[in-house]
Amino acid sequence: GRHEASTRVHLLDGRSSRPGQGRRDAASLTRFVDAASDVPEPEDGPSLAQRWSARVLALPPHGGAAAAVVLSDLLDPEPLRPLLAAARARRVDLVLLQTLAEAELRPEGGRFELVDVEDGSVTEVGPEEARAYRDAVRSFVARVRAEILAAGQRHVLVPAPEEASRSGTADAELERAAFAALVRGGVVARR
């Protein structure tokens, strides 16, 4: 027979799911993750990379393989080095799913007025600014990817579909996009 791996979900706030085994426990693990997404992120305190590092270092000892999947835009200004070092120290394989909106990866040309969500200021942009923004995003993604790959971990870019930002099914759309990216990246295989 086929042996299905034991799975446990560990959250940044220290909570952990019960261990699950293969398909039979997938629904309970999914419910655990869904319930966790309702908890707001703290506004101040340690950066995401620092919290992830602390959580990886706090994982219980394991004798076999361990993997952690991080879903984030990775736009936190804090370097990923502490997380990558913690994963190496604990023998944890990381898969970093970097989610960015299609509009961030491929901004439209033309003239637009951008409104800053924090202070309400308005900035007019044209095709040159859109090109410069696209190039800056591509450069940022390439730097992040290089840092992750140099540490021996995996990076998968997940373009968030436009429908995800406009629909009431944003989570489902992003989950589909993430799973498709994992399959394309060879991280998971369909059975």
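Which residues line the largest cavity? In this predicted model, the lining is made up of Leu48, Ala49, Trp52, Ser72, Leu74, Asp76, Glu78 and Leu80. The cavity itself has a volume of about 40 Å³, and the structure holds just 1 cavity of 30 Å³ or more. Sorted by type, the lining comes out as 5 nonpolar, 1 polar and 2 charged residues. Helix H2 puts in the largest share, 3 residues.

Stepping back to the overall layout, the protein has 7 helices and 7 strands. Read from the N terminus, the order of elements is β-β-α-α-β-α-β-α-β-β-α-β-α-α. Of the 191 residues, 29% count as buried. Among contacts with a separation of 6 or more, 61% are between residues 24 or more positions apart.

Now for the packing. The largest nonpolar core contains 18 residues, and Leu74, Leu80, Leu83, Val92, Leu94 and Leu96 are those with the most contacts inside it. Several elements feed this core with at least two residues each: helix H2 (48-57), strand S3 (66-72), helix H3 (81-89), strand S4 (92-101) and helix H5 (127-150). H3 gives the most, with 4 residues. A separate core of 8 residues lies apart from this one, and its members include Val156, Val158, Ala177 and Leu182. Two residues of the main core, Leu74 and Leu80, are among those with the most contacts inside it, and both Leu74 and Leu80 also turn up in the cavity lining.

H3 is worth a closer look. Which of its residues are buried? They are Leu83, Leu84, Ala86 and Ala87. These four sit on the same side of H3, because they cover an arc of only 160° around the axis. As a general point, an α-helix has 3.6 residues a turn, so residues three or four places apart point the same way. Over on the other side of H3, Arg81, Arg88 and Ala89 are exposed. The cover over the buried residues of H3 includes H2, S4 and H5. After the helix comes arginine 91, which has a positive phi, near 55°.

Leu83 shows how this plays out for a single side of the packing. Setting aside neighbours within four places in sequence, leucine 83 is in contact with Ala49, Trp52, Ser53, Val56, Leu94 and Leu96. Of these partners, Ala49, Trp52, Ser53 and Val56 are among the buried residues of H2. The rest of the buried set in H2 consists of two arginines, Arg51 and Arg55. What lies over the buried residues of H2 includes S3, H3 and S4. Ala49 and Trp52 also belong to the lining of the largest cavity.

The second largest pocket is found elsewhere in the sequence, and has a volume of about 270 Å³. Its lining consists of Pro107, Glu108, Phe112, Glu113, Leu114, Val125, Gly126, Glu129, Ala130 and Tyr133. Strand S5 (112-115) and H5 each supply at least two of these residues. By type, the lining of this pocket divides into 6 nonpolar, 1 polar and 3 charged residues. H5 thus has a part in two settings: it provides residues of the pocket lining, and it supplies at least two residues of the largest nonpolar core.

Notes
Residues numbered from 1 in each chain as written. Predicted model: local features only at pLDDT ≥ 70, side-chain atom pairs only at ≥ 80, totals over all residues. Heavy atoms only, no water. Core = buried A, V, L, I, M, F, W, Y, C linked by side-chain atoms within 4.5 Å. Buried < 20%, exposed > 50% of the residue type's maximum accessible area, 1.4 Å probe, protein only. Contact = heavy atoms within 4.5 Å. Arc of directions from axis to C-beta. 1 Å grid on protein atoms, 1.4 Å probe; cavity = no way out; pocket = protein on both sides within 12 Å on 5 of 7 lines; lining within 4 Å. Points joined across faces, edges and corners; volume = space filled by probe spheres on them. Nonpolar A, V, L, I, M, F, W, Y, C, P; charged D, E, K, R; others polar.
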